[in-house]
Protein chains: 2
Amino acid sequence: MLNQMTGKQSIEFQEAPHIISSASVVGPKEGEGPLGEWFDLVAPEADFGEQTWEQAESTMQKEALQQAIGKAKLLQTQVRYLFGGDLLAQLIATSFGGEETNTPLFGLYGACSTCGEAVALAAMTVAAGYADYAAALTSSHFGSAEKEFRFPLGYGNQRPLSATWTVTGSAAFVLAPKGGHVRVSGVTPGCIVDMGTKDNMNMGACMAPAACDTIYQNLMDFNRQPQDYDRIITGDLGMVGQRILIDLLKEKGFDISAQHMDCGIEIYNAEEQDTHAGGSGCGCAAVVLAALVLPKLRKGIWKRVLFVPTGALLSKVSFNEGQAIPGIAHAVVLEHC
Amino acid sequence: MLNQMTGKQSIEFQEAPHIISSASVVGPKEGEGPLGEWFDLVAPEADFGEQTWEQAESTMQKEALQQAIGKAKLLQTQVRYLFGGDLLAQLIATSFGGEETNTPLFGLYGACSTCGEAVALAAMTVAAGYADYAAALTSSHFGSAEKEFRFPLGYGNQRPLSATWTVTGSAAFVLAPKGGHVRVSGVTPGCIVDMGTKDNMNMGACMAPAACDTIYQNLMDFNRQPQDYDRIITGDLGMVGQRILIDLLKEKGFDISAQHMDCGIEIYNAEEQDTHAGGSGCGCAAVVLAALVLPKLRKGIWKRVLFVPTGALLSKVSFNEGQAIPGIAHAVVLEHC
């Protein structure tokens, strides 16, 4: 048994697993955004031909997984374990998205950080020799998420400028001991951080302290400076959360303003698309990883990035009972190879 | 990197991690059941002194985790990763139960199979050298679960005899490379199995096919017969699901009727306590593992058991949209040592 523990809470893989393929599937609004041409599939309608938003989300997951497995030139049966999750109660998008795969499923929930959690666990599984191939799969859907967390769409509720827009999208990643040009060299799983923030229309503020905590710990555990990363990429802090994160990390002695990028800011043209603070959701970080981050790593344009999906641990019930919205963020170190 | 893959979907650990401590916390109804005296804490009231059922569930989790860590003679900070989950939307019992630990959290959802998923991932993490100590933590609460999945308690809905009673309980387990007298020698993570069953008052029937699938695969992957286990222990099939499971496995050539035990049947005196088909919930398998199964393994009364928590992937939304209730079951091989 190798000791691969690094610092307080990180893992540095002795034999780093590789992300050998990825695929992204999005809705029409995401297709109209600045990354539109880089997604593998842009659906003409957000319902993906299904009867409900939840089924549409499951269909996105199936498409993303099939495409990622296809790109890896594998059969579905060669993927030994699937790590998947979504934002919905009891993960129904994943339950019905993954049920035809006949692949053992580890269901995960980390709110919008789930993509980081899934890639981290898939990497840990492959690096330990538990699987030749493992897949990570996450999704979110604007229609199903608004219904789950806020107001029915038909209600036409107004949204403050601090609100984010849940991305309709799903991405899948296949990990293996070797292949491709991107490796997962380490992970920093995150703790829950609760600063008492209660505004479900300002998720960036809820998540920024958790992002700060995980990024700070990653820098400490690996003994790195921000400039050791070409980019430090959060999931969906949006424009409000980004400012808070940069300020919080400055207080801890690290200036990441030159390296920071946020998937939620990248995915939409906020002003033209009326998405306010940016995109959010499990699908946001996932599709930006597949469509933008991994291609730049594959080509070597970026050599090393810290990918930090961020989650707001919000539910209708806890929110209505007056509880705060804690945050969590899971970091994955990705390197060109 | 060791190849620890066994058969189609199992892992056989080269260096089996140990469950070095466990603790169980339950409500008064569970305390009145046949296992009452074996639980570490029986609360006098099901509200655990809190304002809401959800907060009560979080409090149970905190108590169980603290006790398990205390029994292991560890500090909270020595537990490197926590694998936790519950039945509620967005895992709020775990989010608020785990937020004060300052321990990196992998949030999991596998319905009532979550205890199996959590112990499996904690074992995989310790066996790979990613942590000296990892903890698994799950819970369910009758009050929060009925509200989440069925009817408000105040409505006084009648329940058919096939219905199960959600256990109010939480259990925590600490895993380490050595120590204690129970090791996790292998795991068989399960696939989603959907037979089209739609009755949320007969969860045993929804889960039995998944239990059958995982147990069958475990026997095949490890090349074992049912009698190679002292017990094959499902989570919460109840009396209806038990009959279906035994019949389904007979069709596949295995008779487990002599070995089978179900945590949901063990935890209550069904007739006296009016619990119909038995207990259920994430907490059911967890507290029975802590209070009944692990002590028998520690003493060597049982040498090897297959512990198979079973989950019904049910949500209000998917149920109301007419979807079926798929099942999933994750198996863990536990041995006296």
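**Entry 1. Leu292(B)**

I take a helix to be a DSSP run of H or I with at least four residues, and I number helices from the N terminus. The model I am reading is a predicted one.

With that term fixed, I looked up Leu292(B) and found it in helix H10 of chain B, which covers residues 282-299. Is Leu292(B) buried or exposed? I count a residue as buried if 20 or more other C-beta atoms lie within 10 Å of its own. Leu292(B) has 20 C-beta neighbours inside 10 Å, so I record it as buried.

I next asked which residues Leu292(B) is in contact with, leaving aside neighbours within four places in sequence. They are Leu35(B), Trp38(B) and Glu266(B). I also looked up the separation of Leu292(B) from Glu100(B), which is 192 residues away along the chain. Their C-alpha atoms are separated by 29 Å.

**Entry 2. Chain A as a whole**

I turned to chain A and noted its secondary structure, which comes to eleven helices and 17 strands. The radius of gyration of chain A is 18 Å, and the globule rule gives 20 Å for 337 residues. These values are close, so I describe chain A as being as compact as a globular protein of that length.

Along its principal axes, the C-alpha trace of chain A spans about 55 × 50 × 35 Å. I find that 64% of the 337 residues of chain A count as buried. I also looked up how far apart in sequence the contacting residues of chain A are: among contacts between residues at least 6 apart, 79% join residues at least 24 apart.

**Entry 3. The two domains of chain A**

I noted that chain A is divided into domain 1 (5-176) and domain 2 (182-336). The C-alpha centres of these two domains of chain A lie 17 Å apart. How many residues does each domain bring to the contact? I find 58 residues from domain 1 of chain A and 61 residues from domain 2 of chain A.

Several elements of chain A each supply at least two residues of the side of domain 1 that touches domain 2, including strand S3 (18-26), helix H4 (114-127), strand S7 (134-140) and helix H5 (142-149). H4(A) gives the largest share of that side of domain 1 of chain A, with eight residues. By class, I record 27 nonpolar, 22 polar and nine charged residues on the side of domain 1 of chain A that touches domain 2 of chain A.

**Entry 4. Helix H7 of chain A**

I checked the length of helix H7 of chain A, which has 14 residues (residues 238-251). At 1.5 Å a residue H7(A) should span 20 Å, and its end C-alpha atoms are 20 Å apart, so the two values agree.

Which residues of H7(A) are buried? They are Gly238(A), Val240(A), Gly241(A), Gln242(A), Ile244(A), Leu245(A) and Leu249(A). I followed these buried residues of H7(A) to their partners in chain A, and they pack against helix H6 (203-221), strand S11 (231-234), strand S12 (260-262), helix H8 (263-266) and strand S13 (279-280). After H7(A) comes Gly253(A), with a positive phi near 95°.

**Entry 5. Two positive phi values outside glycine**

I looked up His276(A), a residue other than glycine with a positive phi near 55°. His276(A) is placed in the loop between helix H9 (270-273) and S13 of chain A. I record His276(A) as buried, because 20 other C-beta atoms lie within 10 Å.

I then looked up Lys73(B), which is also not glycine and has a positive phi near 55°. Lys73(B) lies in the loop between helix H2 (53-71) and strand S5 (81-85) of chain B. Is Lys73(B) buried or exposed? Lys73(B) has 11 C-beta neighbours inside 10 Å, so I record it as exposed.

**Entry 6. How the chains meet**

I asked how chain B is laid on chain A: a turn of 180° with a shift of 0.0 Å along the axis does so with an RMSD of 0.0 Å. That is the relation of a two-fold axis.

The contact between the chains takes 55 residues from chain B and 54 residues from chain A. Among the elements of chain B that each supply at least two residues of its side are helix H3 (92-98) and helix H11 (316-320). H4(B) gives the most to the side of chain B that touches chain A, with five residues. That side of chain B has 30 nonpolar, 17 polar and eight charged residues.

Finally, I asked why the copies can be said to meet through the same surface. The reason is that 98% of the interface residues of chain B are also interface residues in chain A.

Methods
Residues are numbered from 1 along each chain as its sequence is written. Chains are lettered from A and ligands numbered from 1 in the order in which they are written. This is a predicted model: local features need pLDDT of at least 70, side-chain atom pairs count only at pLDDT 80 or more; totals for chains, interfaces and linings use all residues. Two residues are in contact if their C-beta atoms, placed from the backbone, lie within 7 Å. Ala, Val, Leu, Ile, Met, Phe, Trp, Tyr, Cys and Pro count as nonpolar, Asp, Glu, Lys and Arg as charged, and the others, Gly among them, as polar. Domain bounds come from an automatic or database domain assignment. Copies are superposed by least squares on the C-alpha atoms of residues with pLDDT of at least 70 in both. The expected span of a helix is 1.5 Å times one less than its number of residues. A residue is buried if 20 or more other C-beta atoms lie within 10 Å of its own, exposed if 12 or fewer, and partly exposed in between; C-beta atoms are placed from the backbone. The radius of gyration is taken over C-alpha atoms; the globule rule is 2.2 Å times the number of residues to the power 0.38.
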